[in-house]
Amino acid sequence: MAKKAIIAGASGLIGSSLLDILLHEPGFDEVLILVRKEIPVKNKKLKQLVIDFDRLNDYASEITGDAVFSCLGTTMKKTPDLSVYRKIDHDYPLQLAQIAKQNGMGQYHMVSSLGANVKASNFYLKTKGQIEEDLKQLALRTLCIYQPAFLTGDRKENRLAEKFLIPLMKVLNPLLVGNLKKYRSIPAKTVALAMYKQSLKKQEGTFIYPSDKIIELS
């Protein structure tokens, strides 16, 4: 039977890598991406659906298939309004999961963050912790949550801090061993590959993969 995957956040660092994998590997026959505007990618397996994420329910009939991959996320620089930030990092992924469950989709994969915790003082980590907990309450058939550490890869936007952090992490990574291994930087492509490989498995339940485990899965 033909298999269909859906990606939200296909233009981001992890999402774009995942899209490339899904289009060129044999695991899925159709890939639907939910986008605010079309991206310049052409492939016979690809369908782009331009949507307003504030009206996700309007597109519920299109959100069908076998696996959903939520790679949605933003930054304080791009989204300084905390209410909008929370919508992107929490509300949209949760609503997407609710629709997917209603439509009988079997798998939901979401990119979170290492250190996600509902009790965190950091807004980003607290929001990630809240979406993780809310997704668990949905009792999805298969829920996979990926918690990468500092991501590396070719970003479209220029982030000044990363110019310093990337070379610093190259020095620190070999020093992070044992329980500290999960704090090593991780390529976005590695996360995407782990997500793809897990989507090919027949498993049920909730699975949480911290950064070091993601590397083992990829």
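## A walk through a predicted protein chain

The chain folds into 6 helices and 9 strands. Helices (H or I, at least four residues) and strands (E, at least two) are DSSP runs, numbered from the N terminus. With a radius of gyration of 17 Å, close to the 17 Å that the globule rule gives for 218 residues, the chain is as compact as a globular protein of that length. Here the radius is taken over C-alpha atoms, and the globule rule is 2.2 Å times the number of residues to the power 0.38.

Before we go on, a word about the model. It is predicted, so local features need pLDDT of at least 70 and side-chain atom pairs count only at pLDDT 80 or more, while totals for chains, interfaces and linings use all residues. Residues are numbered from 1 along each chain as its sequence is written, and side-chain values use heavy atoms, with hydrogens and water left out.

### The chain as a whole

Taken along the principal axes, the box filled by the C-alpha atoms is roughly 45 × 40 × 35 Å. Of the 218 residues, 48% count as buried. Buried means under 20% relative accessible area, exposed means over 50%, and partly exposed is in between (1.4 Å probe, protein chains only).

How much area does the chain expose? The value is about 11300 Å², and carbon and sulfur atoms supply 53% of it. Such areas come from the Shrake-Rupley method with a 1.4 Å probe; for residues, only the protein chains shown count as cover.

Contacts tell you about the fold too. A contact means heavy atoms within 4.5 Å. Among the contacts with a separation of 6 or more, 66% are between residues 24 or more positions apart.

The chain also carries 32 positive and 22 negative charges, and the mean positions of these two sets are 4 Å apart. In this count Lys and Arg are positive, Asp and Glu are negative, and His and the chain ends are not counted. Each charge is placed at NZ of Lys, CZ of Arg, CG of Asp or CD of Glu.

### Pairs of opposite charge

Side chains of opposite charge can pair when their charged atoms come close. A salt bridge is a side-chain nitrogen of Lys or Arg within 4 Å of a carboxyl oxygen of Asp or Glu, and by this rule the chain has 6 salt bridges. The table shows some of them.

| Lysine | Acidic partner | N to O distance |
|---|---|---|
| Lysine 47 | Glutamate 62 | 3.2 Å |
| Lysine 87 | Aspartate 54 | 3.0 Å |
| Lysine 136 | Glutamate 133 | 3.1 Å |

Let us start with the salt bridge between lysine 47 and glutamate 62. This pair links distant parts of the chain, 15 residues apart: lysine 47 is in strand β3 (residues 46–50), and glutamate 62 is in the loop between β3 and β4 (67–70). Lysine 47 is partly exposed at 36% relative accessible area, and glutamate 62 is partly exposed at 27%.

Next comes the salt bridge of lysine 87 with aspartate 54. Lysine 87 sits in helix α2 (residues 82–102) and aspartate 54 in the loop between β3 and β4, so the pair ties together parts that are 33 residues apart in sequence. Lysine 87 is partly exposed at 26%, and aspartate 54 is partly exposed at 45%.

Lysine 136 and glutamate 133 are 3 residues apart in helix α3 (residues 123–137), a separation of about one helical turn. Lysine 136 is partly exposed at 30%, as is glutamate 133 at 32%.

### Some single residues

Is alanine 8 buried or exposed? Alanine 8 is buried, at 0% relative accessible area, and belongs to strand β1 (residues 4–8). Not counting residues up to four places away in sequence, alanine 8 touches Leu34, Phe53, Phe69, Ser70, Cys71, Leu72 and Leu96.

Two residues of helix α5 (residues 188–199) are worth a look; one is threonine 190, the other serine 199. Threonine 190 is buried at 17% relative accessibility, and serine 199 is buried at 1%. Leaving aside neighbours within four places in sequence, threonine 190 is in contact with Ile214, Ile215 and Ser218. On that basis, serine 199 is in contact with Lys3, Phe28, Phe69, Gln107 and His109.

Finally, consider backbone angles. Most residues other than glycine have a negative phi. Alanine 139 has a positive phi of about 55 degrees although it is not a glycine. Alanine 139 lies in the loop between α3 and β6 (142–147) and is exposed, at 56% relative accessibility.
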